[in-house]
Amino acid sequence: MTDPQNQPAPGRIMAAEMAEQPAVLRRILDQGGPKIREVAAGIAARRPRFVLLTARGTSDNAALYAKYLIEILLGKPAGLTSMSTTTAYGARPDLTDVLVVTVSQSGGSPDLVASTKAAREAGAITLAVTNNADSPLADVSEFHVDLLAGPEKALPATKTYTAELLALYLLVEGLRGGDGSAAEVLPELAEQVLGRQAEVKALAERYRFAQRLVLTSRGYGYPTAREAALKLMETTYIPASPFSGADLLHGPLAMVDNVSPVIAVVPDGKGGEALQPVLDRLRGRGADLVVIGQQDQVDAASAGFALPPGVPEEIQPVLEILPLQQLAYEVAIARGQDPDAPRALAKITETH
């Protein structure tokens, strides 16, 4: 008979991997930076006219972040691919001079490998961003960026997500000839944010018995809202719906009432400014509004978590997601669940 006292504590792996994130960010900056700049220079010399981003799950949210970076900082059109057009329907679009970036923690999903292989055969410049340099995806891609995050054993991705964000930021910076030096502050700030877990634990009490959650943001913060919703759903099993603030006003706002829990990610910059009318409407409807972001917005909400000021908006997502990862962890623990091993999930999802 198994002694319950000898069983590992629920969530210990996820907690350890969240705590590793400052070290992973520093490793990418110190060890991965030169390689990423080299890859960026090789791609820039090919002068891609368009960028397509391919991913699933958590990595899809990192790819969406990269889409914002590419369109805003590079001024190039970028899109998210529909892999089934290639893998299920057999479409073969002309991808000459198109950069196809495939983002995957494991690099092992068959549809990612197949669509990347097809893109390369169709003339694309292919880049894999993975946490496994020996993966099938890295093998079929022309270029590869290693996330250097180390093995991730908990099913919910945490350290690989922030690693993807930083690697993609450094890649885009390299493509435009920048040095990415703005990111040097991230490891220290990430350590500070993660050190405030007691604040997050207090927030988690609001959601222990929640039946549903709404998350919203705009601009660079929108991928954070999507990733936070995914983390909450896969660890706590609470239905969580992420919306762009603009989309929320186009109908879904009707489901928000004076008992509806809403989490708003409010960037310090243009994204936060664009979100302001949405926050005003949510307050007007009496929503239980929690803000992750600017101190003044936290003060005006029901509760929240203030992020360090003075960080460029394009790298704030690396910090924004940290308290939301911790929130997913704390709510899961409070509900008696083990966030290390959510039901019905596998680390590598083998879609075709």
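Helices (H or I, at least four residues) and strands (E, at least two) are DSSP runs, numbered from the N terminus. The structure described with these names is a predicted model, in which local features need pLDDT of at least 70 and side-chain atom pairs count only at pLDDT 80 or more, while totals for chains, interfaces and linings use all residues. Residues are numbered from 1 along each chain as its sequence is written, and side-chain values use heavy atoms, with hydrogens and water left out.

We can begin in the loop between helix H2 (21-44) and strand S1 (50-54), where Arg47 is found. Most residues other than glycine have a negative phi. The phi of Arg47, however, is positive, near 55°. Arg47 counts as exposed because its relative accessibility is 68%, where exposed means over 50% relative accessible area, buried under 20% and partly exposed in between (1.4 Å probe, protein chains only). Tyr237, which is not a glycine, likewise has a positive phi, of about 70°. Tyr237 lies in the loop between helix H10 (222-236) and strand S7 (240-244), and with a relative accessibility of 25% it counts as partly exposed.

The loop of Tyr237 leads into S7, and S7 runs parallel to strand S6 (residues 213-217), to which five bridges join it; two strands pair if DSSP finds at least two bridges between them. Within this pairing, Thr216 has Phe243 of S7 as its bridge partner. S6, H10 and S7 together make a right-handed β-α-β unit, right-handed meaning that, with the strands pointing away from the viewer, the path from the first strand over the helix to the second runs clockwise.

A second right-handed β-α-β unit is made by strand S8, helix H12 (residues 270-284) and S9. Six bridges join S8 (residues 261-266) to S9, and these strands run parallel, with Ala264 opposite Val291 in S9. S9 is also joined by four bridges to strand S10 (residues 303-306), again in parallel, and here Ile292 stands opposite Phe305 in S10. How many of the residues of strand S9 (residues 288-293) are buried? Six of its six residues are buried: Asp288, Val290 and Ile292 point one way from S9, whereas Leu289, Val291 and Gly293 point the other way.

Aromatic side chains offer another view of the fold. A pair of aromatic rings is described by the distance of the centres and the angle of the planes. Rings of Phe, Tyr and Trp (its six-membered ring) pair if their centres lie within 6.5 Å, and planes under 30 degrees apart count as stacked, over 60 as edge-to-face and the rest as tilted. A search of the whole structure finds two aromatic pairs. One of them is the tilted pair of Tyr68 and Tyr220, with 6.1 Å centre to centre and 45° between the planes. This pair links distant parts of the chain, 152 residues apart, since Tyr68 is in helix H3 (residues 57-74) and Tyr220 is in the loop between S6 and H10. Tyr68 is partly exposed, with a relative accessible area of 24%, while Tyr220, at 6% relative accessibility, counts as buried. Ring pairs link Tyr65, Tyr68 and Tyr220 into a cluster.
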